[in-house]
Amino acid sequence: MHAFVAEHALSAGYVLASQADRIILPRTGAVGSIGVVALHTDMSGALDQKGIAVTLIHAGAHKIDANPYQPLPKAVHDQMQRELEVVRFLFAETVAAGRGDRLTHAAALATEAAVFRGADAIAAGLADDLADPVTAFHAFAAAPAAPLPPAERVHR
């Protein structure tokens, strides 16, 4: 299976592309962004200025964690940060499994969610070849298919 990157395969798009046998991108194409982001918007000051008071009625101590009507408590921020680190670890693990010996888990984490273009993406182990995606796809389609191993032929 080949992944043909037209312009960008970033974050979730990259985790999908990373599962292909080869990743081909144009010299201006970008891959990577192996990281996680969350957003909290504190609307409490704006609501106060407008004279709007929000009352949250809830069941469960953490049900309103990170709601936009109150400042984000440090404990909630810290918990969210821990969760993001776990998801980033799993993200890098999935990418590394797909890339095999071309990109280790440690190397995926070491990218620090940077975006890599063209030849730099290949040097970093995030892609395999540079080519116009249409040309690369036509070359892929024209190549003779490798025969399936006997065990796979039986199950198809």
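This report describes the confidence, the nonpolar core, the salt bridges, the aromatic pairs and two backbone angles of a predicted model.

**Confidence of the model**

The average pLDDT of the chain is 92, and 93% of the residues score at least 70. Residues 152–156 are a stretch in which pLDDT stays under 50. For this stretch the model has three contacts beyond four places in sequence.

**The nonpolar core**

The largest nonpolar core of the structure is made up of 20 residues. Within this core, the residues with the most contacts are Tyr14, Ile23, Val31, Ile34 and Leu126. Four elements supply at least two core residues each: the helix α1 (12–17), the strand β3 (22–25), and the helices α3 (74–99) and α4 (105–110). The greatest contribution comes from α3, which gives three residues.

Leucine 126 deserves a separate description. When its neighbours within four places in sequence are left aside, leucine 126 is in contact with Tyr14, Ile23, Val31, Gly32, Ile34, Arg99, Leu103, Thr111, Phe116 and Ala121. Among these partners are Tyr14, Ile23, Val31 and Ile34, and these four residues are also listed with the most contacts inside the core.

**Salt bridges**

Six salt bridges are present in the structure. Three of them are set out in the table below.

| Basic residue | Acidic residue | N to O distance |
|---|---|---|
| Arginine 22 | Aspartate 129 | 2.8 Å |
| Arginine 88 | Glutamate 112 | 3.6 Å |
| Arginine 102 | Aspartate 128 | 3.2 Å |

Which parts of the chain does the pair of arginine 22 and aspartate 129 tie together? Arginine 22 belongs to strand β3 and aspartate 129 to strand β6 (residues 129–130), so this salt bridge ties together parts that are 107 residues apart in sequence. Arginine 22 has a relative accessibility of 31% and therefore counts as partly exposed. Aspartate 129, at 30%, likewise counts as partly exposed.

A salt bridge also joins arginine 88 and glutamate 112. Arginine 88 is part of helix α3, whereas glutamate 112 sits in the loop between α4 and β5, so the parts tied together are 24 residues apart in sequence. Is each partner buried or exposed? Arginine 88 counts as buried because its relative accessibility is 16%, which is under the limit of 20%. Glutamate 112 counts as exposed because its value is 58%, which is over the limit of 50%. Both residues also take part in a network of salt bridges that links Glu85, Arg88 and Glu112.

The salt bridge between arginine 102 and aspartate 128 involves two loops. Arginine 102 lies in the loop between α3 and α4, and aspartate 128 in the loop between α5 (118–123) and β6, so the pair ties together parts that are 26 residues apart in sequence. Arginine 102 is partly exposed, at 28% relative accessibility. Aspartate 128 is buried, with a relative accessible area of 13%.

**Aromatic pairs**

The structure contains three aromatic pairs. In one of the pairs, the ring centres of phenylalanine 4 and phenylalanine 137 are 5.5 Å apart and the ring planes stand at 80°, so the pair is edge-to-face. This pair links distant parts of the chain, since phenylalanine 4 is in strand β1 (residues 2–4) and phenylalanine 137 in helix α6 (residues 133–142), 133 residues apart. Phenylalanine 4 has a relative accessibility of 26% and counts as partly exposed. Phenylalanine 137 counts as partly exposed as well, at 41%. Together with Phe140, Phe4 and Phe137 form one aromatic cluster.

**Two positive phi angles**

Most residues other than glycine have a negative phi. Where do glutamate 112 and alanine 113 lie? Glutamate 112 is found in the loop between α4 and β5 (115–117), and alanine 113 lies in that loop too. Glutamate 112 is not a glycine, yet its phi is positive, at about 50°. Alanine 113 is likewise a residue other than glycine with a positive phi, near 65°. The two residues can also be described by their accessibility. Glutamate 112 is exposed, at 58% relative accessibility, while alanine 113 is partly exposed, with a relative accessible area of 30%. Glutamate 112 thus appears twice in this report: it has a positive phi, and it forms a salt bridge with arginine 88.

Technical notes. Residues numbered from 1 in each chain as written. Predicted model: local features only at pLDDT ≥ 70, side-chain atom pairs only at ≥ 80, totals over all residues. Heavy atoms only, no water. Core = buried A, V, L, I, M, F, W, Y, C linked by side-chain atoms within 4.5 Å. Buried < 20%, exposed > 50% of the residue type's maximum accessible area, 1.4 Å probe, protein only. Contact = heavy atoms within 4.5 Å. Salt bridge = Lys/Arg side-chain N within 4 Å of Asp/Glu carboxyl O. pLDDT = per-residue confidence, 0-100. Phe/Tyr/Trp six-rings, centres within 6.5 Å; stacked < 30°, edge-to-face > 60°.
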